[in-house]
Amino acid sequence: MATTPIPPLNEKTFERVKALLGNPKIAAALALAKDEAASAMREQIEICEIPAPTFEESTRAAEILKRMKAYGVDSVEIDEIGNVVARRPGTDPDGPELAIGAHMDTVFPAGTDVTVRREGNRYFAPGIGDNCAGLRALLQVVRCFRGIKTKGTIWFVGTVGEEGNGDIRGSKFFNAHHKLDGFLAVDNTDVGRILRGAVGSHRWRMSFDGPGGHSHGAFGQVPSAIHALCIAGAKVAHLKVPKDPKTTFTIGTFKGGTSVNTIAAHAECDVDMRSLDNAELLKLEAEVFRIFDEALEEENAIWGITDEAKKLRLTKTPIGDRPAGMRPDDCPVLQTARSAQKLLGIALTDYGYSSTDANAPVSRGVPATCLSAGGVQKLTHTVKEYFDDVESFLGPQLIFLTAVALAGAEGHEPLLPKRG
Ligand SMILES: [Zn+2]
């Protein structure tokens, strides 16, 4: 999560977002976010207490759908892979299409105690911040939009599978099936953060398998899975990658073997590769593949293994795929969000990169960012996670103001252009 120097804010965009504050309906919607903060916090707790491990989001999804309906969205359904998808049509059939998405899943396995414990303004529970704060903000934004006619169409989406092996599958699916002009992901709580880029990652499990054998008795007759992995690992360690766009790699886990006196039959490692640029990511991945293929040949050749039954085999299993991308500084979504932030008195403290549901649209060239839900989350992804309910309404206010400016309203042209 790097932060780059902050480029200038477009004055015209800022003035147009500012004009929205003079619209009494918009001002009332912003006030509503503050007035409803206490009930929104209760909603955050109630949602948190419905377990939603990645791939097991359906109970929580049904609850989100029910609440969206109750808040006045008529067209809402669960899509093919489990996303909650609500459509709020705009008044202009040619208006832009904007989606606001918050992920519903948590990193915690089924059976984790998700009961929320309160101490003053602090709430403890796995997932209370990530991403129940985001879901609270999303539902608040749905209520803020009640009674406001937008020119563009707005989609409210509860996504599945953002975390870990979910690989942002909900956002990928939604973005692949809708022709969007803009996308706002809601994740994290720090309203000072606006993401300008999406870190892509490719992750692979590389496994070597062979017959194995006695360390003394079979020596010279069979290859070693661990030795092959070591040959590959040493070469990976010497890889050179660009600093800009930031591209990284690591062998995150390394395991195998049976005992000290056995030539290993099996060895495997998990490789993580990341970049802000998809082309660099693919280049690095090709290099890593070449290294493992070479290591396989080398280990078989060292012992002169020609018998197919005795040769080592290499299996490459994909375990992660998140596409990368960067938005230009004049991106309408970034400029509008930054204007809204400034108008709400929030300082831009982090203008960087991360990996969120916004990766999917950003990698497709769709103007997109990730905005935060407000409040403060800590110890995220641990069972000690907690959330401080401090000015939590700022998240929904920021998301709402950004979204209404992008979609346009009566007397206000959309800031989000229609894509060709
Ligand atoms: Zn998370």
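How many bridges pair β11 with strand β13 in the antiparallel sense? Nine of them do, with β13 covering residues 266–275. Keep in mind as you look around that this is a predicted model. One rung of that ladder is easy to find: pick out G256, and its bridge partner in β13 is A267.

Now step back to the whole sheet. β11 and β13 belong to an open sheet of four strands, and reading across you meet β11, then β13, then β9, then β14, with antiparallel pairing. The edges are β11 (247–256) and β14 (313–322), each of which has a pairing partner on one side only. Going from one strand to the next, the twist averages 15 degrees. As a general point, side chains in a regular strand alternate between the two faces of the sheet.

Two helices go with this sheet. Helix α7, residues 225–237, packs on it and touches β9 (200–209), β11 and β13. The direction of α7 makes about 165 degrees with that of β11. Then there's helix α8, residues 278–302, which lies across β9, β11, β13 and β14. Set against β13, helix α8 runs at about 160 degrees.

While you're around α7, have a look at the loop between α7 and β11, where P245 is found. The peptide bond leading from D244 into P245 is cis, with omega near -5 degrees. Another cis peptide bond runs from D130 to N131, and here omega is near 10 degrees. N131 sits in the loop between β5 (122–124) and α5 (132–144).

Elsewhere in the chain, there's a hairpin to visit. Strand β1 (residues 75–78) and strand β2 (residues 84–88) run antiparallel and are joined by four bridges. I78 stands opposite V84 in β2. Five residues lie between the two strands, and in this hairpin G82 takes a positive phi near 110 degrees.

G82 is a glycine, but what about positive phi in residues that aren't? H381 has a phi of about 70 degrees without being a glycine, and its place is the loop between β18 (376–378) and β19 (386–388). Is H381 buried, exposed or partly exposed? It counts as partly exposed because it has 14 C-beta neighbours inside 10 Å, while being buried would take 20 or more and being exposed 12 or fewer.

E391 is also not a glycine, yet has a positive phi of about 45 degrees. Look for E391 in the loop between β19 and α11 (394–407). With 15 C-beta neighbours inside 10 Å, E391 counts as partly exposed.

Definitions and conventions. Residues are numbered from 1 along each chain as its sequence is written. This is a predicted model: local features need pLDDT of at least 70, side-chain atom pairs count only at pLDDT 80 or more; totals for chains, interfaces and linings use all residues. Two strands pair if DSSP finds at least two bridges between them. Axes are lines fitted to C-alpha atoms, for helices over the stretch in contact, and angles run from 0 to 180 degrees between N-to-C directions. Two residues are in contact if their C-beta atoms, placed from the backbone, lie within 7 Å.
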